[in-house]
Amino acid sequence: MPKDSGSSSSAQLTRRTLLGAVGLSAVGIASATAASAHEHHDGRAGSGRPRSGLSFYGRNQAGIATAPQAHLQFAAVDTKVTSRSALIKLMRDLTLAAAALTAALPVGQTGAVNGPPDLAPEDSGEALDLPAAGLTITFGFGPALFSSPGKGDRFGLADRQPPGLRQFPSFKGDALVAGRIGGDICIQACADDAQIAMHAVRNLMRVAGSRARVRWTQTGFNRAAALQQVTTTPRNLFGFRDGTNNIITSDQAAMDEFVWAKAADGASWMVGGSYLAVRQIRMLIKDWDDSVLEEQEDVFGRKKSTGAPLSGGIEFTKPDFAKLAPSGKPVIDPKSHVALAHPEQNGGVRILRRAFNYANSDDAKGAADVGLFFMSYQRDLDRQFVALQRQLSENDLLNEYIQHTASAAFATPPGTTPGGYIGETLLA
Ligand code: HEM
């Protein structure tokens, strides 16, 4: 699996210096990033060295195997274009702008401050003087782009719709909020700085202009990049280490087996891409915070302190689901989150989780709206995410403390090379 690249030369340059020094525009950045060196990551936030520029180009889109950055800006977008050629132009423009942004360049030919004074600047400017901060921009295509009851086969793509790419079935306990489901295209912008991630989505939407409209958005966060000396597995807002038994993205065999789509999975244009499951999961933190430690640990099947399985050992010890307590009951409750989600209990199924914590303003009743913005990448949504989520939604002890409020599925196509665009294997 090719890894994302970290550009050592552009790394130290800010948006303004790079543009000024070499006169590069969005068009010219391709060669700057294509020459990037490779960076290794292990899939856990906070465990990498500080990042600057990661290459936008490559066999796979960046932002999937990339170790999670500190901030997420996610947008599910509907496109207003009506022809295949207009959709191609939109994806070309978004690709060019995304490549510029990830190289710490402003969007457009004149950027934020070099255009005519009597025109609105092409770039909004809040990322001037800032480095790329590990910005990755990942695009995905939702099922409605291929066919939808209201809009039919708008772009002549229905026969290319991957078999598993459809709106998720409803799961037990779903509390989905109208307006926070699906989307034609998703933009996952992640960076080690919130302003840079926001700037990316804001300016991509300006590039799209009247050709696209935001359907719903969400921000998310992980441990600050400045805390990189802390190398333990990050904790979620329930206070548990989250990511212990995630796929390690440098494990190419696991990435090939579970994450990167193959032609045999039903859509040859998706080779080198992956399928994204998005679920916003609200945490009922008042109830959780009042629950006793023993209950909290039983819910997950792991120790809150170390993340070790309740069957013993250290964080990375394999859980022993057969181990019995003196009472004769399994030490790890079969309905605990880990017992239900572990591959041993699921015919070997694994997913690459790339979740972020989120914290919105309190809701209208004054209750906290915080939780996990769950995202996972996999080869096959039905066999992996849907199978797991069905199992969890029916049985997970965690369900008492969570509510799924937003949901979407996307096909994230393979990456592209300079001069190409994201989606070319589908749309060309
Ligand atoms: C708010 C919701 C959730 C929370 C707080 C949460 C938290 C956790 C924690 C603490 C672990 C144990 C440590 C680890 O291996 O990462 C874990 C494991 C896992 N979770 Fe979740 N999770 C949530 C939702 C989900 C969902 C929706 C799925 C998939 C449908 C999922 C799939 C998994 C998987 C596959 C594992 C690894 C199990 C193993 O191999 O041991 N989780 N989760």
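**Exercise 1. Determine how many residues surround the ligand and which are closest.**

Solution. The shell holds 27 residues. The closest are G243, N245, H337, H342 and R353. A residue is in the shell if one of its heavy atoms lies within 4 Å of the ligand. This is a predicted model: local features need pLDDT of at least 70, side-chain atom pairs count only at pLDDT 80 or more, and totals for chains, interfaces and linings use all residues. Residues are numbered from 1 along each chain as its sequence is written, and side-chain values use heavy atoms, with hydrogens and water left out.

**Exercise 2. Find the polar contacts that G243, N245 and R353 make with oxygen atoms of the ligand.**

Solution.
- Set the cut-off: a polar contact here is a pair of N or O atoms within 3.5 Å.
- Take G243: a polar backbone atom sits 2.5 Å from a ligand oxygen.
- Take N245: a polar side-chain atom is 2.6 Å from a ligand oxygen.
- Take R353: a polar side-chain atom is 2.8 Å from a ligand oxygen.

**Exercise 3. Identify the protein donor of the iron atom and place it in the fold.**

Solution.
- Apply the donor rule: N, O and S atoms within 2.8 Å of the metal (3.2 Å for Na, K and Ca). Water is not among the atoms, so the site may look incomplete.
- Read off the donor: NE2 of H337, at 2.1 Å, is the only protein donor of the iron.
- Place the residue: H337 belongs to helix α9.

**Exercise 4. Break the shell down by element and by residue class.**

Solution.
- Define elements: helices (H or I, at least four residues) and strands (E, at least two) are DSSP runs, numbered from the N terminus.
- List the suppliers: β8 (274-283), α9 (337-341), β11 (369-378) and α10 (381-395) each give at least two shell residues.
- Pick the main one: α10 has the largest share, four residues.
- Sort by class: 16 are nonpolar, seven polar and four charged. Gly counts as polar in this scheme.

**Exercise 5. Examine phi and burial for A104 and A133.**

Solution.
- Recall the background: most residues other than glycine have a negative phi.
- Check A104: phi is positive, about 65 degrees.
- Check A133: phi is positive too, near 50 degrees.
- Locate them: A104 is in the loop between α4 (84-102) and β5 (136-141), and A133 lies in the loop between α4 and β5.
- Test burial (buried under 20% relative accessible area, exposed over 50%, partly exposed in between; 1.4 Å probe, protein chains only). A104 is buried at 1%. A133 is buried at 11%.

Note on methods:
Polar contact = N/O pair within 3.5 Å; in protein donor to acceptor, adjacent residues only side chain to side chain.
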